[in-house]
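Biologist: I have not seen this structure before, so could you take me through it, with the terms explained as we go?

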Amino acid sequence: MRRREFLRATAALAAAGGVVPGQIASSQAADPEQPFPSPASPTPSPAGRFGNYLQPKLRKASRFFEDPDTNYVFQTMLGGAYYKTADIGACLAIADQIIEGDRASAFRALLVAGDRLSASAEKAAANGFRTSAREAYMQAANYFFSATYFVNPTSPPDAFTFNWLRHQELWDRAGALLDPPMDSLPFPYEKTTLPGYFFKVDNSGKRRPLVILNNGSEGGMVAAWGLGVAAALERGYNAYTFYGPGQGTAMLQQKLYFRPDWENVISRLLDYLLIRRDVDPDRIALIGISQGGYWAPRAAAFDLRIAACVADPGVWDVSTAWTRALPQPALDLLASGQQQRFDNLIRIGLRFNSRAMATLVLRMRPFGMSSPYDAFKAVERYNLADVAKQIRCPMLITDPEGEQFWPGQSQKLYDVLQGPKTLLKFSAAEGADLHCEPKALGLRAQRIFDWLDQTLKISST
């Protein structure tokens, strides 16, 4: 490829702010600015200019940082306050320590906060203060998990793993202090097991409806708790979440990587869970969040034991979140199978965009691949085109305003479904916009679980 094409492609990559957005909102729209009048535009009259001056301007209270990546991570972390995985004052203090555009300062501030809350949790636990210890452990886990988004891709290779596993360790300590405690319950998968966690309403052994929370690509326990587990327990559901291939400890410790045929994960899980006497086999709901909005419908297309399925949001084709920021020369190389030239183009482009580099490293890790071309080709298999019409269970698909990664795909999935279906919109006016509605966990839980209660015919508690 000619040097001019390289430079043009590199500029496009840098302008996009990232090659492959993950849970970070690299494409989150900035506030519109008032344009300067063009030479052909009429010059405003003095009265008009005075009127514009008096026009009140709305401030954007949810815009903590100009950098959209940092802002979205912060919104997600702060939203956890609804289920006690964050403290608003602590989050604002963290924000005060972050230098705009400086990812290293965000990383440091989050680690300091995580260490402080971890020490508080240890002290409370030593003194027998279970509630205080549990909440401090949860908050510490949240801050360490958030810090993993700001790991420098050129830092030692274990930096991400170390902090991610630290988050898991802290969450395990918090889970042990729940009442009843969280049960570590791995389930059989091929020739090994996958990590899983069972949450009970109580110790009665009563048969209850079950919510299975299918996390996104790099989601941790904090995400699972805030986006389904806590709300399920409050409403009388038992809950289960897990790390599938390419997720969490299954990836970091077992070296298991993504697969598109997710039914082979969920079906093995259902085989195992249905042995339990406290699981109602007729009222099992599967909630998929983020990329789980592809995996959950995929599993529902093959397993009739799923009584209801939620996709937040609906993901028709995972690969579009990877490819839409690519310049045309890169797309052409990808389509024509020119692996070496594609990899060279991407790597040269990333030299000028550390944020895009960090995002690509984050996105490729669960595939276990070192070649960008291989990862981009692999993700092309992650779509519902061939299976969506097979889904027969009732489906709820969220459609948040401003969806960053798969815009328009909730509607597309909804339109194709043949069975009972509901499209649930969330808006910026109610503070529930953006991917997975990070600022409105309470409203999100109300609407999703009201639908589940009605669909599964569960009386209100």
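Modeller: Let us begin at the end of one helix: α8 is followed by G236, whose phi is positive, near 90 degrees. Please keep in mind that this is a predicted model, in which local features need pLDDT of at least 70 and side-chain atom pairs count only at pLDDT 80 or more, while totals for chains, interfaces and linings use all residues. Residues are numbered from 1 along each chain as its sequence is written, and side-chain values use heavy atoms, with hydrogens and water left out.

Biologist: What makes a stretch such as α8 a helix here, and how many helices and strands are there in the protein?

Modeller: Helices (H or I, at least four residues) and strands (E, at least two) are DSSP runs, numbered from the N terminus; the protein has 18 helices and 10 strands. Helix α8 covers residues 221-234 and bends by about 40 degrees at G228, the bend being the angle between axes fitted to the seven residues ending there and the seven starting there.

Biologist: Why is α8 called largely enclosed?

Modeller: A residue is buried when its relative accessible area is under 20%, exposed when over 50%, and partly exposed in between (1.4 Å probe, protein chains only). In α8, 12 of the 14 residues are buried, so the rest of the structure largely encloses this helix; among the buried ones are W225, L227 and G228.

Biologist: What makes α7 oblique to α8?

Modeller: Helix α7 (residues 159-175) packs against α8 at an angle of about 50 degrees, with the axes 9 Å apart. Axes are lines fitted to C-alpha atoms, for helices over the stretch in contact, and angles run from 0 to 180 degrees between N-to-C directions. Angles under 35 degrees count as roughly parallel, over 145 as roughly antiparallel, 65 to 115 as roughly perpendicular and the rest as oblique, and therefore α7 is oblique to α8.

Biologist: Which residues of α7 and α8 meet?

Modeller: With contact meaning heavy atoms within 4.5 Å, H167, Q168 and W171 in α7 meet M221, V222 and W225 in α8.

Biologist: How do you know whether L177 counts as buried or exposed?

Modeller: L177, found in the loop between α7 and β1 (183-184), has 14% relative accessibility and so counts as buried. Leaving aside neighbours within four places in sequence, L177 is in contact with R130, A133, R134 and Y137. Across the protein, 56% of the 461 residues count as buried.
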